[in-house]
Amino acid sequence: MGETKGMALNGKSVIKFISDHAIIFLIILLALFTWRNSQNFMSKDNLNNLISNVAPRFIIACGVSGCLITKGTDLSAGRQVGLAACLAAMMQQTLDYSARVFDWMPDMHWTVALIITVVIMGCIGAVNGSVIAFLKVPPFIATLGMQTLVYGACQIITGNQPIGGFKESYRALASGNFFDNRFPLPLPYLLLPALLVGIFMWFLYNKTRHGKYMYAIGGNENAAQVAGVNVTASLIRIYILAAVMYALAGFLVGSKAGGASTATGSGYELEAIAACTIGGVSVNGGVGRISGILVGVLVFEVLKICLQFLRFDPAYTYIAQGLVIIVAVALDLRKYLAKK
């Protein structure tokens, strides 16, 4: 009797696991179907392209994850990435480039440009966090306003013109592979910063007081405050860290693309939120793992690549992405309601 009950219980748990991760299983099936119908799907070049696309998006999703875990969000993420890319681009143009944005800009090493970009974007994150923590403006509204503000500022700074003419030292950061032609799988340079960010964020979330406070706030903000958590300071740190992640991602996106414009980063915030949700970060707060975020980003990128290989019209790709976002949030809410 007990054995039968155990088997039934295992059967239910398997069904629940599959239903909770339905999107991941569907994407795996789609990838297998695409592999069978396209001989180049598992090629070295395609894997290189997949890793290069996943790396900056994973960094962005790591930034967004802290906001979601505390029952917030950051709709300004994509525009912040775009601004960071444009700032880095302006500082990394060659001195003899005819269409330089600022002729007075001195020649500077890419590390200096990265630090300046991080500091500027960190200030924007501090404003986001302060508006949410001190003024109690809902994160959705606060970051929506910042999204528009940052986009307008980016248009003014760039004059609404695309930025190119990068120095080779900057372009080289996101081009090329480690152990080129001496390793069976491609290891793009972009893999290294994404790996370092992943390790740092895992340690921060799981081994530090900041991580414990973050999950406590997401679980029950009032209880966390009563327990002695400085909710205001924690929220500000979370949004500053998110902006720093956007700065790094924007810096790398500009290098990878070989150019930047006000359109850079458009829609990245929705991809990041969807990837986090697919990867198990609950929109209801208090839940989320870095490993899950990586899985979510991979799922989203594999979906796009599969549809490209299957020669779907790009319009259908947007439809598929929209459906994935809706289903991911619906599944997350279903799990939340089941727990209640």
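**Pockets, cavities and a lone glutamate**

Biologist: Which helices line the second largest pocket of this predicted model?
Modeller: α3 (44-69), α12 (268-278), α13 (290-309) and α14 (314-339) each give at least two residues to that lining. The lining has 19 residues, and Glu271, Lys304, Thr317, Tyr318 and Gln321 lie nearest the centre of the pocket. The space in there is about 430 Å³.

Biologist: Why is the largest cavity called a cavity and not a pocket?
Modeller: A 1.4 Å probe fits inside a cavity but cannot get out, whereas a pocket is open, so the name follows from that. The largest cavity holds about 70 Å³, and Glu271 is one of its lining residues, along with others including Arg57 and Phe300. Helix α12 brings the largest share of that lining, four residues.

Biologist: What makes three residues in the lining of the largest cavity count as charged?
Modeller: Asp, Glu, Lys and Arg count as charged. The lining includes Arg57, Glu271 and Glu301, so by that rule these are charged. The other six are nonpolar.

Biologist: How do you know that Glu269 has no salt bridge?
Modeller: A salt bridge needs a side-chain nitrogen of Lys or Arg within 4 Å of a carboxyl oxygen of Asp or Glu. For Glu269, the nearest side chain of opposite charge is Arg79, 6.3 Å away. That is beyond the cut-off, so there is no salt bridge. Glu269 is buried all the same, and it sits in helix α12.

How values were computed
Residues are numbered from 1 along each chain as its sequence is written. This is a predicted model: local features need pLDDT of at least 70, side-chain atom pairs count only at pLDDT 80 or more; totals for chains, interfaces and linings use all residues. Side-chain values use heavy atoms; hydrogens and water are left out. On a 1 Å grid over the protein atoms alone, a cavity is a set of points where a 1.4 Å probe fits but cannot get out, and a pocket is an open set with protein on both sides within 12 Å along at least five of seven lines; lining residues have an atom within 4 Å of a point. Grid points are joined across faces, edges and corners, and a volume is the space filled by probe spheres set on the points. Buried means under 20% relative accessible area, exposed over 50%, partly exposed in between (1.4 Å probe, protein chains only). Lys and Arg count as positive and Asp and Glu as negative; His and the chain ends are not counted.
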